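Colleague: Got a minute to walk me through this one? Start with the helices, please.
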Amino acid sequence: MKKILVIGSLNLDMVVNVDHTPATGETILSNNMEMIPGGKGANQACAAGYLGADITMLGSVGNDMYADILLGSLQKAGADTSKILKRSDATTGIALITVNSDGDNCIVVISGANATLSCNDIDNNIDLLKEADIIIFQLEIPIETVCYGAKKAKTLGKTVILDPAPVPKEFPEELYRYVDIIKPNETELRMLTGIDQIESRLPEASRQLRNQGVKNILVTLGEKGVYLDSEEDGICRIPAIPVDAIDTTAAGDSFTAALAVMLSEGKCLREAAIFANYVSAIVVTRKGAQSSIPTLDEVQQYIRQIEAEKAS
């Protein structure tokens, strides 16, 4: 099995369940708040671990109790956390999440130590990049660090996957040239391309990213499935798996991780995306970020169940 490296963020998610997302100036009540390990990078590393990957994470946390919770969760999933940096001058990242009764979420991220992950940290851990086969980035760490790390990864001949979230106000076009697979959702694709009514203009938006250097585009569309434009498989649509969503937190991160895991096992991008679709379908039926991620056995059992229902 090939090695996967996640370079990215670790946050402790403070999750509040509400009947509806509050409007500007509105105060609403909630009966509970949970603290759940999260952060886009850590979610991806955790998901890859539960799916059986050889996975290492490079990121930054504070020297506090929140860091201990995050590292413990990753270690439980089987991820190598030995290269995660502990900062004495920064706190661990925090995400404030409200989840409404439809399962939709709104997130505010306090970057904390995530904002300190630097280009020097990439250089100081260059052996991790050399040893990895697939390297995953997101955008909850400084964009210049992502761009630098992706460039280093491509120079070393690695497969680079970018989950472009959150999309910054100014996205460096240079970064596209270092990305083999980009996985935006509808909103992120619109922000990256400036194209409105994105659902009816997916080929146009995809071509725009291709023209900027990206080889493969995967767009997650929620209940409308997945749009794939790849060098190997061409353009295709992968239908969504109907589920009753409870919480969409970490669904996209788990999709990205599952994609990488299947690619590490030699699957083509279409096959990997189909598997990732099953993984994210399970995630949205559970609460929380890393607490919602299934094991490989659970995914395989779920796929068998779905296939049996189709056959009956």
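Modeller: Sure. Helix α8 passes helix α9 in a right-handed crossing. Right-handed means the near helix is turned clockwise from the far one by less than a right angle. Helices are DSSP runs (H or I, at least four residues), strands are E runs of at least two, and both are numbered from the N terminus. One caution: this is a predicted model, so local features need pLDDT of at least 70, side-chain atom pairs need 80 or more, and totals for chains, interfaces and linings use all residues. Residues are numbered from 1 along each chain as its sequence is written, and side-chain values use heavy atoms, without hydrogens and water.

Colleague: What kinds of residues make up the contact of α8 with α9?
Modeller: They divide into 13 nonpolar, three polar and no charged. Here Ala, Val, Leu, Ile, Met, Phe, Trp, Tyr, Cys and Pro count as nonpolar, Asp, Glu, Lys and Arg as charged, and the others, Gly among them, as polar. Phe 255 and Leu 259 of α8 are among them, as are Phe 275 and Val 279 of α9. Contact means heavy atoms within 4.5 Å.

Colleague: New topic. How many salt bridges are there?
Modeller: The whole structure has 13. Each is a side-chain nitrogen of Lys or Arg within 4 Å of a carboxyl oxygen of Asp or Glu. One of them joins Lys 40 and Asp 253, at 2.5 Å from N to O.

Colleague: Where do Lys 40 and Asp 253 sit?
Modeller: Lys 40 is in helix α1 (residues 40-50) and Asp 253 is in helix α8. The two are 213 residues apart, so to speak, distant parts of the chain.

Colleague: Any backbone oddities?
Modeller: Two to look at. Most residues other than glycine have a negative phi, and most peptide bonds are trans. The bond from Ala 165 to Pro 166 is cis, with omega near -10°. Pro 166 lies in the loop between β10 (159-162) and β11 (181-182). Gln 197 has a positive phi, near 50°. Its place is the loop between α6 (186-193) and α7 (202-211).
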